[in-house]
Amino acid sequence: MSPSYLIARGSFPPPPPQTSVAIVGLGRVGLPLALAFASRGLRVTGVERDAKTRAAIAEGRMPFQEPGCEELLRAHPIELMADVSELSGDRAPDFVVITVGTPLQAHIEVDLTQLAAVAQGLSRVLRRGQTIVLRSTVAARTTEYVARLLSRETGLLPGQDFHLAFCPERMVEGGALRELDTLPQVIGADDEASRAKASTLFSAFPVDQLHTSLVGGELIKLFNNVTRYVSFALANQFALIADQFGESVHPLIAMANHGYPRDPIARPGFAAGACLRKDFGMVSENHSTTDMLVAAWRVNEYMPNFVARKLAEQAGGLHQKRVAVLGYTFKRDSDDARDSLTPKLLRYIEREVPAEVRIAEPNLEGPIALEQGGSARNWAPRDALEGADAVVIAMNHGAFADVRKLLLGPGSIVASGAWVADLWNVCDTGALFFCARPRVEAGP
Ligand SMILES: NC(=O)c1ccc[n+]([C@@H]2O[C@H](COP(=O)([O-])OP(=O)(O)OC[C@H]3O[C@@H](n4cnc5c(N)ncnc54)[C@H](O)[C@@H]3O)[C@@H](O)[C@H]2O)c1
């Protein structure tokens with residue numbers, strides 16, 4: 001017997017054609033979702049405050065990489081507006097799905113600024129019978145906060161005058177469209193009518209649904225993400241401890257996982273990005289004591305320091321050296337640099353006062369916009385490596401497949417004695433740190 005929370009695909013009729021839905025926030029989550037709904041015959045309005053993003057979409061160009069989306073954008077153009085308060089009169093949609101950003105404050109606390117602005121704007125146009133779906137990742141009870149805000153401003157009550165649901169996005173960047181069609185959709189709601197409305201909307205996708213409460217949905221999403229975050233922290237801790245004992249972690253992890261059928265150990269590396277790094281904070285803000293997520297955060301955040309320090313030790317210092325850093329974005333083959341740990345690595349490298357730091361990020365076009373402001377030249381990987389005294393391979397991008405040849409053996413183009421930090425074992429040496437081109441001792 002299947003559990004009562006599991007609603008098999010097809011149990012709800014799909015939304016009737018011409019059902020209208022507004023997606024608020026056309027970012028990495030909102031835009032693929034808007035296009036997917038549009039491709040299923042829904043009438044979609046995209047609300048995006050950023051003029052550049054709107055202009056790109058209006059021209060049929062994706063503002064970021066996401067496989068399959070540009071084709072959908074051309075085939076199913078969506079109506080665009082800049083502010084949620086324009087969703088009035090005959091432009092009032094049946095559904096409003098909120099997909100704005102929810103970063104972490106500098107303190108361990110979710111930043112609700114974007115969400116509050118949307119709720120304020122929405123309160124000017126909210127109509128009886130509309131369904132509001134929150135899809136951003138949020139701390140527990142944030143959907144209730146949105147409801148309280150809407151109620152205070154409009155006098156309308158959730159579950160009575162309007163419908164309210166929390167339906168998290170759990171896709172992975174680069175696989176957004178595929179996962180909308182394959183991942184079960186969590187439907188969080190605290191009343192039957194809201195649950196039925198949200199279920200109907202997401203029946204546009206051929207996936208099972210998982211029915212829970214508002215808070216249940218918020219927690220499921222957070223724990224999906226923090227589980228990954230902790231598993232990366234464990235792999236990083238393994239790397240740090242192996243290093244203390246003079247061992248390289250790559251072959252140890254391979255052996256630990258080889259033929260072992262339970263809980264494979266993840267690979268070490270920079271674990272951050274727009275989702276993973278911040279979501280621990282949304283859980284941890286509810287604890288006064290250090291919880292295991294804070295510990296995971298400390299391990300993951302320590303990795304850039306470890307890499308810079310250890311590389312400097314091995315290379316006999318980085319002062320006045322040419323340092324190449326391959327990979328700037330937070331994830332393999334992604335053009336998303338938000339919350340990447342590479343900028344932190346660069347800050348540690350800069351503290352050594354090298355002669356030059358060369359960043360190579362093949363997934364970004366043109367100069368790299370730096371976190372602290374300004375921009376840096378975006379080197380071609382080969383040019384960055386030419387004559388470099390030290391190298392960090394910070395990400396395992398597909399474009400780095402031939403880096404091994406440029407580092408090792410007769411084809412090596414780095415400086416004699418150059419050391420490499422290879423977080424992802426891209427060069428397949430099994431070593432986290434290795435000398436790419438050992439100096440040849442002068443003969444007697
Ligand atoms: N990126 C991911 O892989 C991913 C996956 C699952 C969940 N999430 C969660 O989804 C949410 C959105 O993430 P994202 O990566 O799409 O963020 P994003 O920053 O790419 O997109 C948010 C968009 O909302 C727009 N916006 C902000 N305030 C607005 C307003 N008042 N009116 C109109 N537009 C407004 C921004 O300009 C931006 O384009 C976050 O809570 C995130 O944690 C992200």
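Domain contact and a five-stranded sheet

Modeller: Between domain 1 and domain 2, six residue pairs are in polar contact. The model is a predicted one.

Colleague: Where do domain 1 and domain 2 run in the sequence?

Modeller: The domain assignment gives 6-216 for domain 1 and 226-435 for domain 2. Their centres, taken over C-alpha atoms, are 34 Å apart. The contact takes 14 residues from domain 1 and 16 residues from domain 2.

Colleague: What makes Arg-338 and Glu-173 a salt bridge?

Modeller: The closest N and O atoms are 3.5 Å apart. The cut-off is 4 Å, so the pair qualifies. Across the interface of the two domains, the rule finds three salt bridges.

Colleague: How much area is buried between domain 1 and domain 2?

Modeller: About 1300 Å², with carbon and sulfur atoms giving 52%. On the domain 1 side, Leu-104, Ile-108 and Glu-173 lose the most area to domain 2. Together they make up 43% of what that side buries.

Colleague: Now the sheet. Why are E11 and E16 called edge strands?

Modeller: The open sheet has the order E11-E10-E14-E15-E16. Strand E11 (356-360) and strand E16 (433-435) each pair on one side only. Neighbouring strands are turned by 15° against each other on average, direction ignored.

Colleague: How do you know that E14 and E15 pair?

Modeller: Pairing needs at least two bridges. Strand E14 (residues 390-393) and strand E15 (residues 419-422) have four, in the parallel sense. They therefore count as paired. Ala-390 has Trp-419 in E15 as its bridge partner.

Colleague: Which strands does helix H12 lie across?

Modeller: H12 (residues 342-351) lies across E10, E11 and E14, and runs at about 175° to E10.

How values were computed:
Residues are numbered from 1 along each chain as its sequence is written. This is a predicted model: local features need pLDDT of at least 70, side-chain atom pairs count only at pLDDT 80 or more; totals for chains, interfaces and linings use all residues. Side-chain values use heavy atoms; hydrogens and water are left out. Helices (H or I, at least four residues) and strands (E, at least two) are DSSP runs, numbered from the N terminus. Axes are lines fitted to C-alpha atoms, for helices over the stretch in contact, and angles run from 0 to 180 degrees between N-to-C directions. Contact means heavy atoms within 4.5 Å. Domain bounds come from an automatic or database domain assignment. Buried area is the accessible area (1.4 Å probe) that two parts lose on being put together, summed over both. A salt bridge is a side-chain nitrogen of Lys or Arg within 4 Å of a carboxyl oxygen of Asp or Glu. A polar contact is a pair of N or O atoms within 3.5 Å; within protein, one must be able to donate a hydrogen and the other to accept it, and residues adjacent in sequence count only if both atoms are side-chain atoms.
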